[in-house]
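Let's take a friendly walk through this structure together. Have the sequence and the 3D view at hand as you read.

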Amino acid sequence: MKGLDLEKVSDGFLAFSWENLSPKDRVKILADAQRTVWIFGAGASHHYNLNSRGVPMPLSNDFFRAFHELPTSEGFHAHVGPLISFLAHYRGVKPHEASKWRENIEEFMTSVENELNNIVTRIKKGELDKIDMLEAFSTAAVFNNMTFIFANVINEAQNGPSNSAYHYLLDFCRPNDTFITFNWDTLLDRALAATGGWTPNEGYSISFSSALDTNWKKEVEALPNFNTNWKLLKLHGSTNWLVPLTHIHLKTFEYVSSVPKSDKIYLFWQSTFPYETHKNRWRGGYVPTCYCYYPPNIPACSGGSQ
């Protein structure tokens, strides 16, 4: 290449040559380039629809459309009864019309949490009668139900080939770049890992108590093929970060954890083999970082659900 005048080389040839470089070589070329911080909002993953149903990664205003178009709302693998019952009694949505309901997921969950706070206040004042208690039970049940439904809709939507738009973005990223996302999906995580220059062990900038990589281990075993300082900061959390279940207690109607005062976080990375989960309801057919409706039992809760 000595003596080559790049000014005389066509853009098409340069683009072809760049695309055919390995990620390792691209990073080496860009080693001295200025660091960039990439920020991704809610719409960044909406382009992805390579799951078996062709459903795009949902936005907040079409979450329940995706819920009804994905496997979450079908069969016996998911538990959706409390949601359907709540809609019938407190939203006036009949079960056979639930698939047409389109409330914004953020507005819906905010309304449920506001009602739970109101219930707790009224309980302390001794203002709840028997009819009120029925509504309290239904509200608590739908909140607990939505914890699993939300994660499963995201998992079903991202359960497909990993070649998202994030892969093309990484063709131009410097080795010291940082990625900040407000999304729960793991599409960017998988794209980073696929380059061979990033692993979840240090790449999230948080420490995990254990990682499920076929089985529970201290950390994911895969080592990077080349070194970068890529950091993925997920400000709202991630569907593959597991913690002891926080739920609404059906006596106090307050938020409680299945493991009180626990600050441990567990990583779900991949498993092609069955793992222990709630009532042994493991189901295969999921790509790395994705799992079925019930996540694996985390070590701190062995023998019970997450």
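## Helix α4 and its cover

A residue counts as buried when its relative accessible area is under 20%. With that cut-off, helix α4 (residues 81-90) has these buried residues: Pro-82, Leu-83, Ile-84, Phe-86 and Leu-87. Please keep in mind that this is a predicted model.

What covers the buried residues of α4? The cover includes α3, α5 (105-124) and α6 (130-157). After α4 comes Gly-92, and its phi is positive, near 70°.

## Aromatic pairs

A pair of aromatic rings is described by how far apart the centres are and by the angle of the planes. There are 25 aromatic pairs in the structure. One of them joins Phe-64 and Phe-67, with 6.5 Å from centre to centre and 85° between the planes, an edge-to-face arrangement. Why are these two separated by about one helical turn? Phe-64 and Phe-67 are three residues apart in helix α3 (residues 63-69). Phe-64 and Phe-67 are both buried.

Now look at Phe-268 and Tyr-291: the ring centres are 5.2 Å apart and the planes stand at 70°, so this pair is edge-to-face. Here the pair links distant parts of the chain, since Phe-268 sits in strand β9 (residues 266-270) and Tyr-291 in the segment after β9, 23 residues apart. Phe-268 has 1% relative accessibility and therefore counts as buried. Tyr-291 is buried as well, at a relative accessible area of 4%.

## An aromatic cluster

Which residues do ring pairs link into a cluster? The members are Phe-63, Phe-64, Phe-67, Phe-86, Tyr-90, Trp-101, Phe-108, Phe-150 and Trp-184. Among them is Phe-86, which you met above as one of the buried residues of α4.

## The four-stranded sheet

Four strands form an open sheet in the order β4-β3-β9-β6, and their pairing is mixed. Which strands stand at the edges? They are β4 (215-217) and β6; each has a single partner strand, so one side of each is left without a neighbour in the sheet.

Strand β3 (residues 210-213) runs antiparallel to β4, and three bridges join the two. If you would like a place to zoom in, Ala-211 stands opposite Lys-217 in β4.

## A nonpolar patch on the surface

Finally, turn to the surface, where Val-37, Ile-39, Phe-182 and Leu-235 make a nonpolar patch of about 370 Å². Leu-235 is found in the loop between β5 (231-234) and β6 (241-242).

Note on methods. Residues are numbered from 1 along each chain as its sequence is written. This is a predicted model: local features need pLDDT of at least 70, side-chain atom pairs count only at pLDDT 80 or more; totals for chains, interfaces and linings use all residues. Side-chain values use heavy atoms; hydrogens and water are left out. Rings of Phe, Tyr and Trp (its six-membered ring) pair if their centres lie within 6.5 Å; planes under 30 degrees apart count as stacked, over 60 as edge-to-face and the rest as tilted. Buried means under 20% relative accessible area, exposed over 50%, partly exposed in between (1.4 Å probe, protein chains only). Patches are made of residues with over 30% relative accessible area and no salt bridge: like charges are joined within 9 Å, nonpolar side chains (Val, Leu, Ile, Met, Phe, Trp, Tyr) within 5 Å. Accessible areas come from the Shrake-Rupley method with a 1.4 Å probe; for residues, only the protein chains shown count as cover. A salt bridge is a side-chain nitrogen of Lys or Arg within 4 Å of a carboxyl oxygen of Asp or Glu. Contact means heavy atoms within 4.5 Å. Two strands pair if DSSP finds at least two bridges between them.
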